[in-house]
Amino acid sequence: KIRRLGVVGPGELIGDLALIDKQPRMASGRAVKQSKLVCISNGNFQKRRDGLAKSEKVLHLLVKTLGRRLRGVARASD
């Protein structure tokens, strides 16, 4: 069954939580009009995340914590 979870617009992301917490995506996206997409590879993101962990420990912890909480909210709503 297909269920619309939301609509994203220009400059927004999908699949971001999977990059943050290294868990499978919980949803897929479908373009409803002609779109231009940019793929962020897992390897590229992990390099940036690792750099953040070294240079901005508090911000890195905040991102991890928010990701974990969002994943929990999404699972609870199923």
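Select His60 in this predicted model. At 14% relative accessibility, His60 counts as buried, because the cut-off for that word is under 20%. His60 sits in helix α3. Now show what surrounds the side chain. Apart from neighbours within four places in sequence, His60 is in contact with Arg49, Leu52 and Ala53.

Next, select residues 57-76, which make up helix α3. How many Å apart are the end C-alpha atoms of α3? They are 29 Å apart, and this agrees with the 28 Å that 20 residues should span at 1.5 Å a residue.

Keep α3 on screen and colour its buried residues: His60, Thr65, Gly67 and Arg71. These residues lie on the same side of α3, because they cover an arc of only 155° around the axis. To see what that side faces, add residues 16-21, which are α1, and residues 42-55, which are α2. The buried residues of α3 pack against both of these helices.

Turn to the other side of α3. Which residues are exposed there? Select Val58, Arg69, Leu70, Val73 and Ala76.

For the last stop, select Leu59, which also belongs to helix α3. Is Leu59 buried, exposed or partly exposed? Its relative accessible area is 39%, so Leu59 is partly exposed, a class that falls between the 20% and 50% cut-offs. Add Leu62 and Leu66 to the selection and switch on the surface. Together with Leu59, they form a nonpolar patch there, with about 260 Å² of accessible area for the three together.

Notes
Residues numbered from 1 in each chain as written. Predicted model: local features only at pLDDT ≥ 70, side-chain atom pairs only at ≥ 80, totals over all residues. Heavy atoms only, no water. Patch = residues over 30% accessible without salt bridge, like charges linked within 9 Å, V, L, I, M, F, W, Y side chains within 5 Å. Areas by Shrake-Rupley, 256 points an atom, 1.4 Å probe, with all protein chains shown as cover. Salt bridge = Lys/Arg side-chain N within 4 Å of Asp/Glu carboxyl O. Helix = DSSP H or I, 4+ residues; strand = E, 2+ residues; numbered from the N terminus. Buried < 20%, exposed > 50% of the residue type's maximum accessible area, 1.4 Å probe, protein only. Expected span 1.5 Å × (residues − 1). Arc of directions from axis to C-beta. Contact = heavy atoms within 4.5 Å.
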